[in-house]
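Student: I have a fresh model open here. Please walk me through it, and keep it brisk.

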Amino acid sequence: MVYLEKFVLPDEEKEYEIARRRRIENGGSGDFGYLENGYPCALFGPKELSELDFETVTILYGGNGSGKSTLLNLIAERLGLARSAPCNRSELFTPFAMACRVRAGLDEEGDPLPIPEKSAVITSDDVFEYMLALRAFNAEVADNLEEGKRDYAALKFGSNIRFTGMDDYEDFRLQVLSRRKSVSRRKFLQQTAGREVPPGSNGETAVEYFETHLQNDTLYCLDEPENSLSPRTQQALLSVLERKSRYCGCQLILATHSPFFLAMPGAKIYDLDARPVRPRKWWELENPRVFFEFFYAHRDLFLKGGEED
């Protein structure tokens, strides 16, 4: 599914007008006004990048500082996608994003497709926050369990709680629960303290995050989803993304330099390290070639089980 078909960046003249307007707003006069930061103006012009055409999966590739995350955030800002983690902004960021032009994909009847309501941008910070939230939840459950063990004995074997009004309701309810024959100590603690989420590795938790958060028929901008993931876990996440895009109606726009994600079948890749920026095959890109050259130089160790000199 393609909800976003084309994204057109402001040309040099439009960038100049955006900056000029901001200088005037800052209390200046045309070119002589104060401008704190020109970002992201003049970032994509030198790369000869004016527009992007999207497929079901589109990848923005490039090294650190290439502008791939900036471009992803501009797309998200222009489309009004939901986000949790903040992104790098400047006084020109939103005006620049709003000056970008978009063209929607078409449905089977030839009508423009709206951007799905729950579309979002997801960063590695969102995944880390999810991991921390799970740990905090489990820690809270553990504390509640210790407190519940003490309360259980007092409620079950202590003196009867008199119900004289709603202020006594919760304590009275817990005592009744603790004294039911069908409720063991374990069940009592589960109902009052909660249950811990089974802990997994960081990689397993990250894959679970994407598995549960990516909804069908939605557009997602994913900023370096491979961060902190092992190669095997990256491949597990890749399987999730392939299934969501191929069978579940999701359009994915990724900023990444992971060879595993770059090799996703059918993905369109823009090389932001190239001049001009242009689509390329994944095996033509620097990152995959660096890996290939390294392993090719040591191929005998893998093929023959040899030892290093």
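Student: Start with Ala42. Buried or exposed?

Tutor: Ala42 counts as exposed, at 54% relative accessibility. Exposed means over 50% relative accessible area, buried under 20%, and partly exposed in between (1.4 Å probe, protein chains only).

Student: What kind of model is this, and how are residues numbered?

Tutor: It is a predicted model: local features need pLDDT of at least 70, side-chain atom pairs count only at pLDDT 80 or more, and totals for chains, interfaces and linings use all residues. Numbering runs from 1 along each chain as its sequence is written, and side-chain values use heavy atoms, with hydrogens and water left out.

Student: Back to Ala42. What is its phi?

Tutor: Positive, about 65°, although Ala42 is not a glycine. Most residues other than glycine have a negative phi.

Student: Where is Ala42 placed?

Tutor: In the loop between helix 1 and strand 2. Helices and strands are DSSP runs, numbered from the N terminus: H or I with at least four residues for a helix, E with at least two for a strand.

Student: Which residue in that loop has a phi near 55°?

Tutor: Glu48, and it is not a glycine either. Glu48 is found in the loop between helix 1 and strand 2. It is exposed, with a relative accessible area of 55%.

Student: What about cis peptide bonds? Which residues does one join at an omega of about 5°?

Tutor: Tyr39 and Pro40. Pro40 also sits in the loop between helix 1 and strand 2. A cis bond with omega about 0° joins Arg275 and Pro276. Pro276 is in the loop between strand 8 (268-271) and strand 9. Most peptide bonds are trans.

Student: Which residues is Lys47 in contact with, leaving aside neighbours within four places in sequence?

Tutor: Ser66, Leu272, Ala274, Arg275, Pro276 and Val277. Contact means heavy atoms within 4.5 Å. Lys47 itself lies in the loop between helix 1 (12-25) and strand 2 (51-53).

Student: How far away is the nearest side chain of opposite charge?

Tutor: That is Asp273, 5.6 Å from Lys47. Lys47 is buried yet has no salt bridge. A salt bridge needs a side-chain nitrogen of Lys or Arg within 4 Å of a carboxyl oxygen of Asp or Glu. Lys and Arg count as positive and Asp and Glu as negative, while His and the chain ends are not counted.

Student: Which backbone oxygen lies 3.1 Å from a polar atom of the Lys47 side chain?

Tutor: The one of Leu272.

Student: New topic, the sheet. What is the strand order?

Tutor: Six strands form an open sheet, ordered 5-6-7-3-8-9, with mixed pairing. Strand 5 (120-123) and strand 9 (278-279) stand at the edges with a single partner strand each, so one side of each has no neighbour in the sheet. Two strands pair if DSSP finds at least two bridges between them.

Student: Do strands 5 and 6 run parallel or antiparallel?

Tutor: Strand 5 and strand 6 (residues 219-223) pair in the parallel sense, over four bridges. Val121 stands opposite Cys221 in strand 6.

Student: And the whole chain? How many helices and strands?

Tutor: Eleven helices and nine strands. Of the 309 residues, 40% count as buried. For contacts with a separation of 6 or more, residues 24 or more positions apart account for 72%.

How values were computed. A polar contact is a pair of N or O atoms within 3.5 Å; within protein, one must be able to donate a hydrogen and the other to accept it, and residues adjacent in sequence count only if both atoms are side-chain atoms.
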